[in-house]
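The exercises below ask you to work through a fold by hand, with the sequence and the coordinates open side by side. Try each task before reading its solution.

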Amino acid sequence: MQALYFSWLRERVGTGSEQIDPGPATTVAELIRELSLREERYAAAFADISAVRVAVDQKMVDLDHPLKGVREIGFFPPMTGG
C-alpha cells in the first residue's frame, strides 16, 4: 500500500510517501505499531499517537479501521480551523 506522511510526520520519517507492506497488521493501530518497531524514525513520528490523524483511501478513519483492501493510507497532524 502507498503510505503518505504530512507535515512534521514527513520530517520525522524522512519521506513524503513510500510503498509499505503492512505485514501481519490488520488494523491501522496495528500498522502504526509495526511501523514504530521498524526504525527509530517511525518510532519518533508515532510517539504520540493522539497527535496523529489517519485517512484510508482519502477518507478519515479511526485507529481500529481494517486494512483489508486499502490502497493508500495517509498520516497527518490534527488540523486547526479558523
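**Exercise 1. Establish which residue in β5 is the bridge partner of R53, and work outwards to the other pairings of the strands.**

Solution. The bridge partner of R53 in β5 is F76. This bridge belongs to the antiparallel pairing of strand β3 (residues 53-56) with β5, which comprises four bridges. Two strands are taken to pair if DSSP finds at least two bridges between them, and the elements themselves are DSSP runs numbered from the N terminus, helices being H or I runs of at least four residues and strands E runs of at least two. Before going on, note that the model is predicted, that local features need pLDDT of at least 70, that side-chain atom pairs count only at pLDDT 80 or more, and that totals for chains, interfaces and linings use all residues. Residues are numbered from 1 along each chain as its sequence is written, and side-chain values use heavy atoms, with hydrogens and water left out.

Next, follow β5 (residues 72-76) to β1, with which it pairs in the parallel sense over four bridges; here A3 has I73 of β5 as its bridge partner. Strand β1 (residues 2-5) also pairs with strand β2 (residues 17-19), in the antiparallel sense and over three bridges, and L4 finds its bridge partner in S17 of β2.

**Exercise 2. Describe the connection between β3 and β4, and the residues in and around its turn.**

Solution. Begin with the pairing: β3 and β4 are antiparallel and share three bridges, and V56 stands opposite K59 of β4. The two strands form a hairpin with two residues between them, and D57 in the turn has a positive phi of about 50 degrees. Q58, in the loop between β3 and β4, likewise has a positive phi, of about 65 degrees, although it is not a glycine.

Then consider accessibility, where buried means under 20% relative accessible area, exposed over 50%, and partly exposed in between, computed with a 1.4 Å probe on protein chains only. Q58 is exposed, with a relative accessible area of 70%. K59, which is found in strand β4 (residues 59-61), counts as exposed because its relative accessibility is 59%. Finally, the C-alpha atoms of K59 and I73 are separated by 9.1 Å, the two residues being 14 apart along the chain.

**Exercise 3. Determine how many aromatic pairs the whole structure holds, and characterise the pair of Y5 and F75.**

Solution. A search of the whole structure finds four aromatic pairs. The rings of Y5 and F75 have centres 5.7 Å apart and planes at 15 degrees, so they count as stacked. The criterion is that rings of Phe, Tyr and Trp (its six-membered ring) pair if their centres lie within 6.5 Å, with planes under 30 degrees apart called stacked, over 60 edge-to-face, and the rest tilted. Because Y5 lies in strand β1 and F75 in strand β5, the pair ties together parts that are 70 residues apart in sequence. Both Y5 and F75 are buried, and ring pairs link them with Y42 and F46 into a cluster.

**Exercise 4. Identify which members of the largest nonpolar core touch the most other members, and examine what α2 brings to it.**

Solution. A nonpolar core is a set of buried Ala, Val, Leu, Ile, Met, Phe, Trp, Tyr and Cys residues joined through side-chain atoms within 4.5 Å. The largest has 22 residues, of which Y5, L31, F46, V54, I73 and F75 touch the most other members. Two or more residues come from each of β1, α1 (8-13), α2 (28-38), α3 (40-45), β3 and β5, and α2 gives the most, with four.

Now turn to α2 itself, in which V28, L31, I32 and L35 are buried. These residues lie on the same side of α2, because they cover an arc of only 100 degrees around the axis, the arc being that of the directions from the helix axis to the C-beta atoms. The face turned away from this buried side carries the exposed residues R33 and L37. The buried residues of α2 pack against β1, α3, β3, β4 and β5, where contact means heavy atoms within 4.5 Å.
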